[in-house]
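Reader: I'd like a close look at the salt bridges, please. Once you're done with those, just keep going into the packing and the surface.

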Amino acid sequence: MDEDPLALLPEICLLAGAIATLLAGSFLPRQRQWIARILAALACIAAAAAAIVALASPTRSVFADSYAVDPLTGTTRLVVAAATLLVLLLGTEELRGSPRESETCCLLLLSATGATVLAGTTDLLVLAVAYLLTSIPLYALIGSTRTARAAEAVMKTYLLGALFGIVMLLGVTLLFAMTGGTGYAGLSTAGSVVPAVVAVGAVAVLAGLLFEAGAVPGHFWVPDAAQSANTAAAAFLTTVPKVGSLVAMFRLVDALPGVADWPLLVAALSALSMTVGTFAAFAQRDPRRLLGWSTVSQVGFLLLPVAVAGRAPLAEPSLLIYLAGYAVSNLAAFAVIAAVPDRTDLAGYRGLGTSRPWLAGALLVALLSLVGTPPTAVFLGKLTTFTAAWDGGLAWLVIVAAVNTVASLFYFLRWLAPTFTRAARAGDMAEGHVDRRDLRGSRPWAERTAVLAAAGVLLLGVGAGSLPILVAVP
Amino acid sequence: MLSVVVFLPLVGAAVLAAARRMPDGVARWTWVGITLTDLGLVVGLWAAYRTPPPGGLAFAEQVRWLPSVGSSYHVGVDGVSLPLLALTTVVFTACAVYALTERTRPRTQAALFCFLQTTCLGVFAAQDLILFFLFFDLSIVAMYFVIAGWGHGTAARSALKFFLYTFTGSLALLVGFIGLYLAADPHTFDIPELVAAAPLQGSGAVGGLVLAAVLVGLAVKTPTFPFHTWLPPAHTDAPAVGSAVLAGVLLKLGTYGFVRIAMPMLPEAWRAWAGVVVAVGVVSVLYGALVALAQSNVKRMIAYTSVNHMGYVVLAVGAAGVVTGSDAAARQVAVSGAVTQMVSHGLITGALFLLAGVLHRRAGSYEFADFGGLAGPAPRFAGFFAVAAFASLGLPGFSGFIAEFQVFTGSIGATGWAALALPGILITAALFLRAIQRLLTGAPGPKSAGFGDLRPAELLSTGPLLILAVVIGILPRFLLDVIEPAAEVVVSLVGR
């Protein structure tokens, strides 16, 4: 039995970072809270470094087969740590000197720890704990802006989270009753007991993960939370929990016995998520809400490889490529939002292309990536997930996904079109809107993060083919 | 060398985009310099080109890119792609010269067009489906910004329509590519490998569905009836140089795809669907010509003649699939005619759109009703427009005649139904003669007064395009010697 605590070094880094941030924040004066933020960033860097080292070592299962240290976990660790670091960077100006500076950092790290454990565990009880560890900090993060809107969003998220959490625990109980154990490994033989109960239990566990991922039917909280939380929190909650829960779903679907047509169920949820997310995003005018709905549809695309888990050789690498690409693209878009906080509707982006070309360029790259234009990261994700899904026998879902991709182009163009239209209106200039909003360097960190993430999008799109996770495909 | 040709404009684009303080005049001439250099390189390629053995490529380069999904950076040329590469550099050079008088953000425009040039060259050079798709998609993005940023009228709306339509097409194409990839064993996106393997032979319905996806994708881009509705508004609202590139080069990406991907990779399905392709071609020819005849707007009229001219190409490639009861020589002439028509249409329509742009520059209008008797105040414009119009209607002595003669000889040789498209030539002749009559002769229209004649930049941009059309019309061998061996290869591949 392998109980090497070093196998969990990346998770330990994140958790220790959270504790250190909390303690430091409690004792530091208000104007020196930035030290806590630095600690949090260092924890992310340490976790990412540990994750890279672990990726190079062979696959193993630790702590009584409750935790897998394999490419799925390894990549998730890396993506979560890097994404959390980007969130801290893009939120630099927003968090600096805010009353909740160190608390926010601590909560981000705690939720990131939860997301990593969610992805790595192969045990239902640990999964339930990880669910709570991921979601509870989110409630506090969403509510920390203390506006009426945020209160509503946090209430919605909390109620849905509690409901789906209970359902998930119920599912864990049922599966435990049927298999006499909580490990995923025991699930494959559970079908022989009472197939219907096993199916209900598995669906209930999946439901909890669907909430965490923001997929239909657990998606209602995402747009509200994305719109009302502060930008850093919004960027985090539309990225990191999804990464963890989708990998968790992948593991679960792969391990489930054939008591139901799991590929069809997941495919149906995938089609619903992408369609609902895309069509709801059509009418949005607030970029953050638009991105919130877009993430719902992105989860639909991400469910494609989950649906064919274990049935297509490309399923696992395509999921990881898409997750990494999605995370960096989504964060690039949120970093742009963080850099121009006063532009709160799509029309307000008019003239950004002229006044801040780098930022507009980053937005262009991020949104084209979310649409899936080559040579960006999500294109590679879409290409590989489409291929995997078709290979796994879900060609119809690939058609649905392609149609939704076209539809998604429409709402992203509603954002891009004003961005690259010059603000030539005399009225705008007279009121001083443009000048005031575009004070150069007003939020340099957020802008740098946007450009950095956009560069990452392109780099990943062009270079991901040489990454070990893809090269290893048989 | 080929990669240098493809990526040189991209480097230029990066320089132009980064140099924010570059004076406008320098930016304009830099653009001309870049396109001329690239043109020179392509002339060099042409001179060094030796027809490769069947299935082979000239100037091929291959670099590992996405080994796990069987995709690599693979470029190369053959007798189909080389003329189109040359056409691309010629049209872009003409646009750069024409834009020497551009006043609206010339530096950004130059950067965008250089980027667009790389994407177009990339499509014609790509020997890997993912690489093809990459450049294909990026050309759409770049063209969207050209129309939205420099267009007039309802440019934003037209640009959106263009983007959505062609993006739909490109995704259909992607779905088809994935089908080809999965059918091949081992899985690959490499074009020569897929051509050699023809993976969906004997697979019946699946081959038909994959071909349908590819055909829809290419038909939107070409565009053929009934997927052409994005074209007229896009052309009407695009700037002159944008229209010239859109019609001269971007439409060829679709027809090129037929010859490069659909025909050689899916021969069985292509033969099965050849009748449908021929029918679509005939309808596009007639419909495009008739609707063009009814236009009151010069640019819309030229746009619809593009539907007509691209219809000839579709007709020819469809006829090449009618294998039973026809001889290979006729089909080969049809394919050769299709490729010649792509080059010829690119040159002539490019010139026509640039000349139409002169109307807008001088008078802010494209309406026939606003003009008349332009031969008086603007004799050079009148002469050029008349030459371009005669070239476009397929008068002997111009490249259009060489192309359409081959298309009809070959197509009718393969299937008698192709003769149904013959009235298209007549209607096109009528509409161009009517256009000449309405624009250049008769009483001056409300905006004819003080119409300035062609300026040097306009002469030097449209002139070479027309001269090339005449050269191909009189001495076509230098072009046909390149195209014919490749057409023979395509025909033998379709006949498998």
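Author: Let's pin the term down: a salt bridge here is a side-chain nitrogen of Lys or Arg within 4 Å of a carboxyl oxygen of Asp or Glu. The background is simple enough: side chains of opposite charge can pair when their charged atoms come close. Bear in mind that this is a predicted model, where local features need pLDDT of at least 70 and side-chain atom pairs count only at pLDDT 80 or more, while totals for chains, interfaces and linings use all residues. As for bookkeeping, residues are numbered from 1 along each chain as its sequence is written, chains are lettered from A and ligands numbered from 1 in the order in which they are written, and side-chain values use heavy atoms, with hydrogens and water left out.

Searching the whole structure over all chains turns up 14 salt bridges. One of them joins the side chains of Asp224(A) and Arg289(A), at 2.8 Å from N to O. That pair ties together distant parts of the chain: Asp224(A) sits in helix H9 (residues 221-228) of chain A and Arg289(A) in helix H13 of chain A, 65 residues apart. Helices and strands, by the way, are DSSP runs numbered from the N terminus (H or I and at least four residues for helices, E and at least two for strands). Both partners, Asp224(A) and Arg289(A), are buried; buried means under 20% relative accessible area, exposed means over 50%, and partly exposed is in between, using a 1.4 Å probe and protein chains only. The pair isn't on its own either, as Lys156(A), Asp224(A) and Arg289(A) are linked in a network of salt bridges.

Stay in chain A and look at the loop between helix H12 (262-281) and helix H13 (287-307), where you'll find Asp286(A). Asp286(A) has a relative accessible area of 18%, so it counts as buried. Its C-alpha is 4.5 Å from that of Asp345(A), although the two are 59 residues apart in sequence. Leaving out residues up to four places away in sequence, Asp286(A) touches Gln227(A), Thr344(A) and Asp345(A), where contact means heavy atoms within 4.5 Å.

Over in chain B, Asp370(B) and Lys447(B) meet through their side chains in a salt bridge of 3.8 Å, N to O. Again distant parts of the chain are linked: Asp370(B) is in the loop between helix H13 (328-363) and helix H14 (379-392) of chain B, and Lys447(B) is in the loop between helix H16 (423-440) and helix H17 (456-474) of chain B, 77 residues apart. Asp370(B) is buried because its relative accessibility is 16%, whereas Lys447(B), at 34%, is partly exposed.

Another bridge in chain B pairs Arg380(B) with Asp453(B), with the closest N and O atoms 4.0 Å apart. Here Arg380(B) belongs to helix H14 of chain B and Asp453(B) to the loop between H16 and H17 of chain B, 73 residues apart. Arg380(B) is partly exposed because its relative accessibility is 42%, while Asp453(B) is buried at 17%.

Now for the packing. A nonpolar core is a set of buried Ala, Val, Leu, Ile, Met, Phe, Trp, Tyr and Cys residues joined through side-chain atoms within 4.5 Å. The largest one here has 364 residues, and Leu116(B), Trp270(B) and Phe381(B) touch the most other members. Helix H14 (residues 315-339) of chain A supplies the largest share of this core, 19 residues. Beyond its neighbours within four places in sequence, Trp270(B) has contacts that include Leu211(B), Phe258(B), Met263(B) and Val494(B).

Polar residues get tucked away too. Gln406(B), in helix H15 (residues 399-414) of chain B, is buried with a relative accessible area of 8%. Thr449(A) lies in helix H21 (residues 444-463) of chain A and is buried at 3%. Not counting residues within four places in sequence, Thr449(A) is in contact with Leu86(A), Leu89(A), Leu90(A) and Ala335(A).

There's a strand worth a glance as well: seven of the seven residues of S2 (residues 71-77) of chain B are buried, so the rest of the structure largely encloses it. S2(B) runs antiparallel to strand S1 (residues 58-66) of chain B, joined by six bridges; strands pair if DSSP finds at least two bridges between them. Within that pairing, Gln62(B) stands opposite His74(B).

Lastly, the surface. Ile45(A) has a place in helix H2 (residues 34-56) of chain A and is partly exposed, with a relative accessible area of 45%.
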